[in-house]
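Please work through the following exercises with the sequence and the three-dimensional structure at hand. Attempt each task before reading its solution.

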Amino acid sequence: MKMNYKSSIVRPLSVVLMAVALLVLPMSCKDDILEEKPYTVFTPDYFKSATGLQSAVTAAYAGLRYDFGPIGALDIANMGTDEWTMGDQSLSGDAYQEGTYGLTASDGAIQTPWNRNFWHINLCNAVIDFAPNVQMNEAAKTVLVAEARYLRAQYYLLLVQQFGAVPVNLGSGDLKFNSTPTTEFFRLPVNEVLTKDYQTMIEDLTFASANLPVTRPAGAFKLSQAAALHLLAKVYLFRGYSPVKQGDDFQKAYDNAKKLIDGQGTYGTALQQDFGKVMEEGNDYNSEILFSVERMPLNNAANESPSPGTDFANKVNIANNMFNPNYQQAVPSNYPNAALAGKTIFTTRVLQYGRPLRHFAPTKWLLESAFADRTNDSRFDNSFRMVWKADTYDAAGTDAYKTYVASLATMGLAIGDTAIYLTQTDRMADSLKALTGTRKKNYFIVGPSQFFLPSNRALNLYPNLKKYDAKQRANFQDASGRPFPVSKLSETYLTLAEAAMQTGKATEAVDLINVLKRRAAYRPGLSAAQINARYERIRVTSPSQVTLDFIMDERARELCGESLRWPDLAVRGLLVSRLKTRNPDAAPKVQDFHMLRPIPQSQLDALQDPNKAQYQNPGY
């Protein structure tokens with residue numbers, strides 16, 4: 001199911017250029033698709049033209065599709081954290097190893113970003129190397145270089161937060177374009193290389209934050225200064241927790257995040273009033289999303305995706321299906337309502353709900369502790385589905401639809417009725433199940449003690465993360481055509497709050513977190529007084545409350561399931577301590593060395609150096 005590519009770090013130039021020339025990439029939510037014409041002869045001179053430079057940058061944008069949305073990318077960013085453990089379809093294979101920390105150097109989920117990200121870093125190096133001699137409008141060229149430098153930094157951060165030190169020399173010198181495959185691996189000394197990694201990212205993002213357009217287009221995720229400032233602050237913050245930290249890292253993180261927060265009018269950014277709108281389908285280009293990896297609804301070809309039914313490969317965005325429980329599960333035969341007992345309410349899959357792939361299941365900590373207050377804080381209800389209504393993918397009038405409607409009738413249900421209802425408490429579930437007569441509920445009622453957890457796997461049902469819902473698909477098993485968010489302004493607030501805490505400005509950290517708390521208290525239809533009353537119950541009242549663990553809890557509430565959690569825990573050195581108390585699946589095996597992934601075995605096998613072990617991360 002996962003991609004498994006074996007190669008050395010760089011590939012021949014002809015391969016690089018072929019990918020650039022044949023690329024088709026959507027650049028906005030409209031039909032503004034950049035198409036490059038194929039060529040048959042390739043030389044480095046292609047990059048020395050305005051067309052070649054633009055094509056290379058376009059390809060570098062598209063390469064991020066390997067990192068945001070495919071199954072392996074979702075696994076290494078979310079699985080085996082305090083937020084997510086394995087659903088029943090992940091209880092074997094690679095996902096199981098990732099979730100229980102039996103990960104090996106041959107795991108496909110780590111080999112894909114290793115190979116693909118270095119390939120695209122080399123492409124960015126080409127843009128930056130050749131740009132000075134390209135004849136084109138200087139302002140436009142500067143923007144292309146700024147885009148390439150942001151993208152190079154993004155690719156490096158994705159590698160560093162997983163693997164630690166990674167080479168900046170791909171065979172032709174530090175940060176130089178390389179056209180010849182190499183069997184050398186420039187990773188030693190590790191801390192010296194890690195220092196270069198962080199310095200490269202900082203220099204690239206400093207350039208990008210000064211030279212990208214000030215704002216992004218309203219209907220496209222072209223890079224902007226806001227996205228660069230956000231990532232620059234994050235890189236400084238991460239370096240502050242690293243073995244190569246510098247004394248002013250947290251202050252620099254603070255300075256850059258504050259520049260963005262204070263300059264929202266300039267940069268065209270703003271929090272959404274309603275948390276539920278931030279990742280709502282159809283609102284993908286809102287002012288809170290700083291950068292996303294774009295796809296196009298109903299356009300598999302433009303998304304570089306395979307046909308429906310083969311959505312576990314390449315660059316697909318499969319997030320809409322991965323967090324689903326098995327809503328097609330049969331009702332237990334001993335269920336109190338005899339009309340439902342032993343029946344399968346959903347005999348077919350539903351476009352709105354997608355494929356029930358049961359890959360990621362929320363941990364008990366996430367459901368019961370992080371989201372303990374679901375009345376005053378709207379973020380649980382806006383992040384998770386607890387109700388499924390009877391529906392079908394089949395069009396009304398078809399034989400399959402008529403058969404389904406008839407089967408619903410035997411259960412006292414009709415299209416549009418509540419079919420499955422997960423309750424907030426067991427007491428509520430017991431009360432609803434006990435109703436009789438006209439008050440009896442025909443839908444399948446499931447209390448929290450029955451949710452799928454390590455201690456209870458009888459039912460494959462649990463709250464469904466709905467942030468990636470994608471109704472604009474031609475088929476229920478199609479991958480999503482929605483953009484995949486990479487950075488959001490809400491995370492900038494949390495980065496600034498963390499940097500403020502780390503630099504002795506705890507009172508300011510309180511104020512920043514409370515901006516998000518006040519937004520969390522909002523629900524449409526409530527009066528200002530009601531919203532304020534709810535805010536007063538959840539707001540941070542004292543600087544002493546703001547600890548690193550508290551900020552991590554807040555990040556879970558705000559950013560749950562957004563492919564940030566594993567690096568959030570690992571880079572800050574919190575992976576082991578939090579998993580030991582919050583994830584029973586991972587707790588028995590997770591150790592300190594797991595805060596880095598193993599260098600892929602394919603990389604080590606390609607080396608001629610007989611002492612390959614010196615390049616591997618400790619513990620593997």
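The exercises below concern a predicted model.

**Exercise 1. Determine whether helix α3 (residues 71–78) is enclosed by the rest of the structure or open to its surroundings.**

Solution.
Step 1. List the buried residues of α3: I71, G72, A73, L74, D75, I76, A77 and N78.
Step 2. Apply the cut-off: a residue is buried if its relative accessible area is under 20%.
Step 3. Conclude: 8 of the 8 residues of α3 are buried, so the helix is largely enclosed by the rest of the structure.
Step 4. Inspect the stretch just after α3, where G80 adopts a positive phi of about 70 degrees.

**Exercise 2. Identify which residues touch the most other members of the largest nonpolar core.**

Solution.
Step 1. The largest nonpolar core contains 174 residues, and Y150, I345 and F346 touch the most other members.
Step 2. Helix α6 (residues 138–163) supplies the largest share of this core, namely 14 residues.
Step 3. Consider F346 with its neighbours within four places in sequence set aside: its contacts include Y327, Y353, W388, Y404 and I420. Q328, K389 and D391 are also among the contacts of F346.
Step 4. Note that a second, separate core of 6 residues exists, including A520, A521, Y522 and I531.

**Exercise 3. Describe how helix α18 (residues 506–521) packs with helix α20 (residues 548–559).**

Solution.
Step 1. The two helices, α18 and α20, pack at an angle of about 35 degrees, and their axes are 12 Å apart.
Step 2. The crossing of α18 and α20 is left-handed.
Step 3. On the α18 side, the residues taking part are I513, L516, K517 and R519; they meet F550, I551, E554, R557 and E558 in α20.
Step 4. Sorted by class, this contact of α18 with α20 has 4 nonpolar residues, 5 charged residues and no polar ones.

**Exercise 4. State in what order the strands of the open sheet containing β7, β8 and β9 are arranged, and which strands form its edges.**

Solution.
Step 1. The 3 strands of this open sheet follow the order β7-β8-β9, with mixed pairing.
Step 2. The edges are β7 (387–389) and β9 (444–446), since each pairs on one side only.
Step 3. On average, neighbouring strands of this sheet are turned by 10 degrees against each other, direction ignored.
Step 4. Strand β8 (residues 418–422) and β9 run parallel and are joined by 3 bridges. Y421 stands opposite I445 in β9.
Step 5. Helix α16 (residues 426–433) packs on the sheet and touches β8 and β9; the direction of α16 makes about 155 degrees with that of β9.

Technical notes. Residues numbered from 1 in each chain as written. Predicted model: local features only at pLDDT ≥ 70, side-chain atom pairs only at ≥ 80, totals over all residues. Heavy atoms only, no water. Buried < 20%, exposed > 50% of the residue type's maximum accessible area, 1.4 Å probe, protein only. Helix = DSSP H or I, 4+ residues; strand = E, 2+ residues; numbered from the N terminus. Core = buried A, V, L, I, M, F, W, Y, C linked by side-chain atoms within 4.5 Å. Contact = heavy atoms within 4.5 Å. Axes fitted to C-alpha atoms, helices over the stretch in contact; angles between N-to-C directions. Left-handed = near helix turned anticlockwise from the far one by under 90°. Nonpolar A, V, L, I, M, F, W, Y, C, P; charged D, E, K, R; others polar. Pairing = 2+ DSSP bridges.
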